[in-house]
Amino acid sequence: MRISVLTVLPGLFDCFLKEGIIGKAVQSEKVKVNVINIRDYAYDKHKVVDDVPYGGGPGMVLKPEPIFRAYDDISKKFGKPFVILTEPWGETFNQEMAVELSKKEHLLIICGRYEGVDERVKTIVDKEVSIGDYVLTGGELPAMVMMDAIIRLIPEVLGNKESLKADSFMDRGLLGYPNYTRPAEYRGLKVPEVLLSGHHKKIEEWRKRESLKRTLKKKPQVIENLLKEGKLTEEEKRLLEEIKKAETPPD
Ligand code: ADE
């Protein structure tokens, strides 16, 4: 997979692409990333990438020509990309979208800036995406958020394949179970006995129960939908009944 990024602040991506799991994925070329400075495609003497809005008003608007030129160049070099524009009012990014986007051969993320991007740029955009209902100064952090969620889904980027399976949101929207590591007791806080037992079947059941309990508490709608759609196993339905019974106060 290749991810191209168009931005006026390419330096913001330096650490992100060098460190940790993402850094390793880039180094081993499991993902090829090219961060492109929009300014490199501004051909005037001062390399101007933005201008005042027609009709007046505050702020500056990213000009269309450098973005179109960069898009043409990237398409010629690496093939036609699926184009995302970061926008505070775009479709909200979620795990399902990350999975969809991780299947694309070539993604191009255009980082919006200032008051916005010239509307004509949208003729080359496939999807406008927001990472939440708040306004940031630009699309670079949203681009990194999306890239992180997408790159970790590429096969073999995560060392242990099981960690993808156990992800919250990856299994029918059920949230993950609680995790503990050594020491077995810290400041009087004890790790649940069952996890120390070595009894794999019991541990598996405890994890299922905790995952259902957590989902019921934090995302009850997910449980309701799974029940309605018949997507819970008999064992899960039994565990759910037990959880509900345990939480109902006695008369
Ligand atoms: N640009 C500014 N705020 C944003 C947001 N929340 N999501 C995507 N792009 C943005």
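In this predicted model, Tyr134, Leu136 and Leu141 together make a nonpolar surface patch of about 290 Å². One member of this patch, leucine 141, belongs to helix 5, which spans residues 140–151. Leucine 141 has a relative accessibility of 52% and therefore counts as exposed, the cut-off for that class being over 50%.

Two other members of the patch, Tyr134 and Leu136, also take part in the surroundings of the ligand, where they are joined by Thr86, Glu87, Pro88, Val129, Ser130, Ile131, Gly132, Val135, Gly138 and Pro142. By class, this shell consists of seven nonpolar residues, four polar residues and one charged residue. With regard to secondary structure, at least two residues of the shell come from each of strand 5 (82–92) and strand 8 (127–130), and strand 5, with three residues, gives the most.

Polar backbone atoms of three shell residues approach nitrogen atoms of the ligand, as the following distances show. For tyrosine 134, a polar backbone atom is placed 2.8 Å from a ligand nitrogen, while for leucine 136 the corresponding distance between a polar backbone atom and a nitrogen atom of the ligand is 2.9 Å. In the case of glycine 132, a backbone N or O atom is found 3.1 Å from a nitrogen atom of the ligand. Of the 260 Å² of accessible area that the ligand has on its own, 97% is covered by the protein.

How values were computed:
Residues numbered from 1 in each chain as written. Predicted model: local features only at pLDDT ≥ 70, side-chain atom pairs only at ≥ 80, totals over all residues. Heavy atoms only, no water. Near = heavy atom within 4 Å. Polar contact = N/O pair within 3.5 Å; in protein donor to acceptor, adjacent residues only side chain to side chain. Areas by Shrake-Rupley, 256 points an atom, 1.4 Å probe, with all protein chains shown as cover. Helix = DSSP H or I, 4+ residues; strand = E, 2+ residues; numbered from the N terminus. Nonpolar A, V, L, I, M, F, W, Y, C, P; charged D, E, K, R; others polar. Patch = residues over 30% accessible without salt bridge, like charges linked within 9 Å, V, L, I, M, F, W, Y side chains within 5 Å. Salt bridge = Lys/Arg side-chain N within 4 Å of Asp/Glu carboxyl O. Buried < 20%, exposed > 50% of the residue type's maximum accessible area, 1.4 Å probe, protein only.
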